[in-house]
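Student: I should like a close look at a single part of this protein, set in the context of the rest of the fold. Please take me through it in one connected account.

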Amino acid sequence: MHTTSKTTVWFSSYLAITTIIITGWCFPFGTPQAEWLKDQRAIMGTSISVELWHDDVDKGKGIIELVFNEMNRIDHLMSTYREDSQLSYINKHAHQQPVKINSELYRLINRAQHFSKITDGAFDITYASAGHQYNYRKRLKPSSDSIAAVLPAINYKHLILDDKEKTIHFEHKDVIIDLGGIAKGHAVDRCIKLLRQQKIKHAIVTAGGDSRLLGDRRGQPWTIGIRNPRTSKDVIAMLPLTDAAISTSGDYERYFVQEGTLYHHIINPKTGDSARSVQSVTIIGEDATTTDALSTSIFVLGPEKGLAIIETLPTIEAVIIDHKGRTLFSSGLAKAKPLPAQPSSQLH
Ligand code: AMP
Ligand code: MG
């Protein structure tokens, strides 16, 4: 990661449309003279976008297709929504016996276990036996009894990984795993690798709240805006970044409000309930697998414990909006002064 992100934060109140705003996109996709090429599709249950610089428009478009193919491949491997994915197969069979799995999936589960260990279980892919009981679209939450019944199954230590055989085994019969907190970052990293192999020097790949930037924006850094989690209209901080990954986890992504309580998609594995000490967490680092896992983890841990972990990780920075709407920065970003806290208001 280049040091622009460490030393400068630009504050602004630009209009925000999505979680992360990438300013400066120009030339519409498809015009003959275009060299910045951009496309966007719905894959992995989220919006995926790719923008890259190429001197040859047709070749550039072909490379963008390769990126979407790669996203689809990873979705087929790792989605819990797809009955035919390898992850669904694991969830059906790994409590009966060790299941041999694809080495890419094995490595990612191993990586998820690493984040569980360094966050004292705040990141835990076994959160799913509680998490899957919520239906945000239908505004349904489980009873406290049904959460209590599955809490013993939520523990990353129930996952037994065999490095030699590349197998996974669930030690508890009710374990379900879900890679929603890390797979998008992994997919973004794989796509950046693919773009490098195609000799692309300037690009940005985004999957939902996870982005990675390849190079700069031809002579200037990419500028990424962090949205105000409560208004969705303005941006709290602008980050100039080059060759970096950035992930934001927010409580406004998938949620409903019931009797004044916000239920959203990031679950505290210790309680089976939504984590509520922050509104959003943005992590900046070198690779999107790390920033994705850490944004979810720090969301669960909250500002104090979260920043304490970030300070131990030399290449990682964080911007946290706490439950009162106050903006907190890790020490590498703290030189810039935050805007006054945004008023916390209705979710919409
Ligand atoms: P993100 O938007 O990257 O923060 O990821 C949120 C997603 O991570 C959720 O939709 C779940 O699929 C998954 N998730 C929720 N809580 C946890 C947790 N405590 N540990 C790991 N993954 C989680
Ligand atoms: Mg994440």
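**The magnesium site and the eight-stranded sheet**

Tutor: In this predicted model, the magnesium ion (ligand 2) is coordinated by D292 (O), D292 (OD) and T296 (OG1), at 2.0 to 2.3 Å. D292 and T296 both belong to helix α8 (residues 288–301), and because they are four residues apart there, about one helical turn separates them. Both D292 and T296 are buried.

The setting of this site is a protein of 348 residues, of which 55% count as buried. Its secondary structure comprises nine helices and 16 strands. Among contacts with a separation of 6 or more, 64% are between residues 24 or more positions apart. The protein exposes about 15500 Å², and carbon and sulfur atoms supply 52% of that area.

The part that deserves the closest look is an open sheet of eight strands. Its strand order is β2-β3-β7-β8-β11-β14-β15-β16, with antiparallel pairing. The edges are formed by β2 (36–43) and β16, each of which pairs on one side only. On average, neighbouring strands of this sheet are turned by 10 degrees against each other, direction ignored.

Strand β15 (residues 317–322) repays particular attention. Six of its six residues are buried, so β15 is largely enclosed by the rest of the structure. In a regular strand, side chains alternate between the two faces of the sheet. In β15 both faces are covered: E317, V319 and I321 are buried on one side, and A318, I320 and D322 are buried on the other.

On one flank, β15 pairs with strand β14 (residues 278–285) in the antiparallel sense over six bridges. Within that pairing, I321 in β15 stands opposite S280. Strand β15 is also joined to strand β16 (residues 327–329), by three bridges and again in antiparallel fashion. Here V319 faces F329 in β16 as its opposite residue. The strands β15 and β16 form a hairpin with four residues between them, and G325 in the turn has a positive phi of about 85 degrees.

Elsewhere in the sheet, strand β8 (residues 210–214) pairs with β11 in the antiparallel sense over three bridges. The bridge partner of D210 in β11 is S247. Helix α7 (residues 183–197) packs on the sheet and touches β3, β7 and β8, its direction making about 20 degrees with that of β8. Helix α2 lies across β2, β3 (46–53) and β7 (203–207), and runs at about 25 degrees to β2.

Strand β11 (residues 245–250) also contains I246. This residue, I246, counts as buried because its relative accessibility is 0%. Although I246 and I316 are 70 residues apart along the chain, their C-alpha atoms are separated by 9.9 Å.

The nonpolar interior comes next. In soluble globular proteins, nonpolar side chains tend to be buried together. The largest nonpolar core has 66 residues, and those that touch the most other members are M71, I90, I177, L179 and L195. Helix α2 (residues 57–78) contributes the largest share of this core, nine residues. Setting aside residues up to four places away in sequence, M71 touches I43, M44, I48, A187, V188, C191, V205 and A207. A second, separate core has 18 residues, including W53, I224, I321 and L333. I321 is thus a member of that second core as well as one of the buried residues of β15.

A further open sheet, of three strands, completes the account. Its order is β4-β6-β5, and the pairing is antiparallel. Its edge strands are β4 (99–100) and β5 (159–162), each pairing on one side only. Four bridges join β5 to strand β6 (residues 167–170), and the two run antiparallel. In this pairing, L161 stands opposite I168 in β6.

Helix α4 (residues 103–118) lies across β5 and β6, at about 130 degrees to β5. Q113 is located in helix α4. With a relative accessible area of 5%, Q113 is buried. Leaving aside neighbours within four places in sequence, Q113 is in contact with Y156, L159 and L161. L161 is therefore a residue that both touches Q113 and stands opposite I168, with Q113 itself counted as buried at 5%.

Notes. Residues are numbered from 1 along each chain as its sequence is written. Chains are lettered from A and ligands numbered from 1 in the order in which they are written. This is a predicted model: local features need pLDDT of at least 70, side-chain atom pairs count only at pLDDT 80 or more; totals for chains, interfaces and linings use all residues. Side-chain values use heavy atoms; hydrogens and water are left out. Donors are N, O and S atoms within 2.8 Å of the metal (3.2 Å for Na, K and Ca); water is not among the atoms, so sites may look incomplete. Buried means under 20% relative accessible area, exposed over 50%, partly exposed in between (1.4 Å probe, protein chains only). Contact means heavy atoms within 4.5 Å. Accessible areas come from the Shrake-Rupley method with a 1.4 Å probe; for residues, only the protein chains shown count as cover. Two strands pair if DSSP finds at least two bridges between them. Axes are lines fitted to C-alpha atoms, for helices over the stretch in contact, and angles run from 0 to 180 degrees between N-to-C directions. A nonpolar core is a set of buried Ala, Val, Leu, Ile, Met, Phe, Trp, Tyr and Cys residues joined through side-chain atoms within 4.5 Å.
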